[in-house]
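Biologist: Got the file open. Can we walk through it together?
Modeller: Sure, fire away.

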Amino acid sequence: MGKGGGAPTKKINPTSNVDNQRIIKFEELAKHRVMGDAWLAYKGKVYDVSNWEDHPGGSVIFTHAGDDCTDIFAAFHPASAVKDMQKYEIGILEDKGRKTKKQLDFEQAYRDLKVKLIAAGLFNADIKYYIFKVVSNLVLLGISVLCVVKSNSFLMHMIGAFFMALFWQQCGWLAHDFLHHQVFKTRMYGDLMGILIGDVFQGFSVQWWKSKHNSHHAVPNLHASVPDACDGDPDIDTMPILAWSLRMAEHAKNSKFGRFMISYQAIFYFPVLLLARIAWSYQSWVFVFGGLGQHSVKGAELDRKHMKYRGLEKLGLLIHYACLLWLFTYMPLFNAISFYIFAQTSCGLMLALVFGLGHNGMAVYPADERPDFWKLQVSTTRNVISTPFTDWFCGGLQYQVDHHLFPTLPRHNLGKVNKLVKIFCKDHGVSYHEANMIDGNIEVLQHLHKIAKEFVTEFPAM
């Protein structure tokens with residue numbers, strides 16, 4: 001087992017400490033894949049981060065245990081952040097011969113591209129743009145409230161519910177931008193805006209979201225390498241309701257309910273999406289306040305234990321539900337219940353549609369067979385063709401490929417970067433996929449149907 005969180009507090013100088021010059025082969029690194037025994041490589045050095053509980057980013061660090069984290073680390077951190085890992089350094093990675101010169105040149109090329117984007121100022125946010133987005137979201141909220149307090153009509157109340165759903169959905173994209181630190185260089189400011197927009201406006205816990213979403217970014221569409229590893233994507237942990245690969249579907253072969261759901265999953269897909277926001281709201285509540293339920297992230301308990309803004313998150317969620325209850329007092333009970341159900345389900349559908357278009361039906365890999373950072377992000381991700389409507393409705397995630405490659409890049413610059421990413425992929429022979437919203441959803445349904453057919457054929461009912 002490694003030293004990890006039990007490492008000495010005295011800073012180790014990796015250039016002078018003999019122990020840190022140990023040569024470690026990649027095959028040895030790959031054996032250390034779980035939280036309690038986690039080694040990872042960064043720029044040719046190996047670090048034992050076993051049980052590093054107070055890692056500033058939470059459990060996401062364990063998604064690359066047993067692997068090289070160089071490029072995903074660079075996607076989320078400034079270069080200066082590596083100093084926090086120095087005390088965990090245990091050796092030098094022996095990686096010669098594992099990659100061809102062509103692959104090494106390719107990896108250097110996409111790192112150089114990011115340097116050029118930074119130099120061009122594309123990682124700098126336009127504060128006026130984000131002020132506009134906050135104000136325009138509040139207009140949606142205002143319309144919803146006015147439909148309720150100024151009318152006794154059931155129809156107007158349902159229109160208000162729809163605008164509330166739009167408000168929640170658009171707040172999801174806005175909180176996403178702030179919490180990816182696209183807007184402020186000072187991370188605390190982004191976190192506090194995330195609490196306002198996420199916890200108060202939307203009813204979703206910031207730490208719950210970070211725990212889930214950061215892991216997804218690190219390991220999109222990956223199956224965990226071993227049962228206790230954190231290198232599986234929580235966003236495809238949808239069994240026994242939906243299976244995105246035959247390997248996932250196999251877990252349902254001995255369950256009557258699982259067999260039924262997987263066999264007809266293409267039919268159930270959209271009805272399941274209606275329930276997404278209800279499930280996420282409940283998970284957020286349980287994450288912050290405790291209760292029954294489980295989290296799809298292996299390190300969720302660690303992230304709960306080290307929740308940075310626990311008091312503010314509790315207050316934010318309580319304010320969210322208190323405001324909803326206040327709004328319900330303007331409606332008859334039946335209207336209030338209908339408002340809540342319609343707003344929750346329509347928002348769930350609109351959120352999950354965008355998430356689904358981003359990754360569902362794209363490549364799925366075992367975590368220990370993942371390609372390099374660029375090819376992983378591009379091959380597991382689908383862009384939605386940009387139109388004025390999709391640019392607004394998808395909140396920047398129409399450029400999901402580009403966002404996954406550069407998660408801290410401000411939303412308003414993604415279109416510019418998209419052109420460069422397409423050229424880069426073409427020049428280097430990397431498959432890049434985009435579709436309009438209709439065709440993208442058809443692709444998702446076709447993929448679900450294909451997996452269902454393979455499941456029924458491979459594992460016939462006894």
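Biologist: Which residue of S6 stands opposite Lys-45?
Modeller: Ile-92. Bear in mind that this is a predicted model.

Biologist: How do S4 and S6 pair, parallel or antiparallel?
Modeller: Antiparallel, over 3 bridges. S4 covers residues 45–48, and S6 covers residues 89–94. Tyr-47 of this pairing stands opposite Glu-89 in S6.

Biologist: What else pairs with S4?
Modeller: Strand S3, residues 37–42, is joined to S4 by 4 bridges. The two run antiparallel. Leu-40 stands opposite Tyr-47 there. So Tyr-47 faces Leu-40 in one pairing and Glu-89 in the other.

Biologist: How many residues sit between S3 and S4?
Modeller: There are 2, and the strands form a hairpin. Lys-43 is in the turn, with a positive phi of about 50°.

Biologist: And S1, which sense does its pairing with S6 take, parallel or antiparallel?
Modeller: Parallel. S1 is residues 23–25, and 3 bridges link it to S6. Ile-23 stands opposite Ile-92. Ile-92 is also the residue opposite Lys-45 of S4.

Biologist: Switching to helices. At what angle do H10 and H14 pack?
Modeller: About 120°, with the axes 6 Å apart. That makes H10 oblique to H14. On the H10 side the contact is made by Tyr-269, Phe-270, Leu-273 and Leu-274. The H14 side includes Gln-344, Gly-348, Ala-352 and Gly-356.

Biologist: What about H14 and H19, how do those cross?
Modeller: At roughly 75°, with the axes coming within 9 Å. That counts as roughly perpendicular. H14 brings Leu-353, Gly-356 and Leu-357. H19 brings Met-437, Gly-440, Asn-441 and Val-444. Leu-353 and Gly-356 also take part in the contact with H10.

Biologist: Back to H10. Is Gln-265 buried or exposed?
Modeller: Buried, because its relative accessibility is 0%. Gln-265 lies in H10, which runs over residues 265–274.

Biologist: What does Gln-265 touch, sequence neighbours within four places aside?
Modeller: Ile-241, Leu-242, Ala-243, Leu-448, Ile-451 and Ala-452.

Biologist: Which residues are buried in H9?
Modeller: Gly-258, Arg-259, Met-261 and Ile-262. H9 spans residues 256–263. Its buried residues pack against H8, H10 and H19.

Biologist: And H6, which residues are buried there?
Modeller: The list includes Gly-190, Asp-191, Gly-194, Ile-195, Gly-198, Asp-199 and Phe-201.

Biologist: What do they pack against?
Modeller: The buried residues of H6 pack against H4, H5, H7, H11, H13 and H14.

Biologist: What follows H6?
Modeller: Gly-203, with a positive phi near 85°.

Biologist: Now the core. How many residues has the largest nonpolar one?
Modeller: It has 67. Trp-244 and Phe-339 have the most contacts inside it. Helix H5, residues 154–179, gives the largest share of this core, 13 residues.

Biologist: What does Phe-339 touch, leaving out residues up to four places away?
Modeller: Its contacts include Val-148, His-157, Met-158, Met-164, Leu-327, Phe-328 and Met-331. Ser-144, Gly-160 and Ala-161 are touched too.

Biologist: Where does the second core sit, by residues?
Modeller: That separate core of 47 residues includes Ile-61, Met-85, Ala-109 and Leu-117.

Biologist: Why would nonpolar side chains gather like that?
Modeller: In soluble globular proteins, nonpolar side chains tend to be buried together. That is a general tendency.

Biologist: Last topic, cysteines. How many disulfides?
Modeller: The count is 0. Take Cys-230: the nearest cysteine sulfur belongs to Cys-69 and is 14 Å away. The cut-off for a disulfide is sulfur atoms within 2.5 Å.

Biologist: Is Cys-230 buried or exposed?
Modeller: Buried, because its relative accessible area is 7%, and the cut-off for buried is under 20%.

Biologist: And what is the story for Cys-323?
Modeller: Cys-323 is in no disulfide either. The nearest cysteine sulfur, in Cys-171, is 13 Å away. At 45% relative accessibility, Cys-323 counts as partly exposed.

Methods: Residues are numbered from 1 along each chain as its sequence is written. This is a predicted model: local features need pLDDT of at least 70, side-chain atom pairs count only at pLDDT 80 or more; totals for chains, interfaces and linings use all residues. Side-chain values use heavy atoms; hydrogens and water are left out. Buried means under 20% relative accessible area, exposed over 50%, partly exposed in between (1.4 Å probe, protein chains only). Contact means heavy atoms within 4.5 Å. A nonpolar core is a set of buried Ala, Val, Leu, Ile, Met, Phe, Trp, Tyr and Cys residues joined through side-chain atoms within 4.5 Å. Two strands pair if DSSP finds at least two bridges between them. Axes are lines fitted to C-alpha atoms, for helices over the stretch in contact, and angles run from 0 to 180 degrees between N-to-C directions. Angles under 35 degrees count as roughly parallel, over 145 as roughly antiparallel, 65 to 115 as roughly perpendicular and the rest as oblique.
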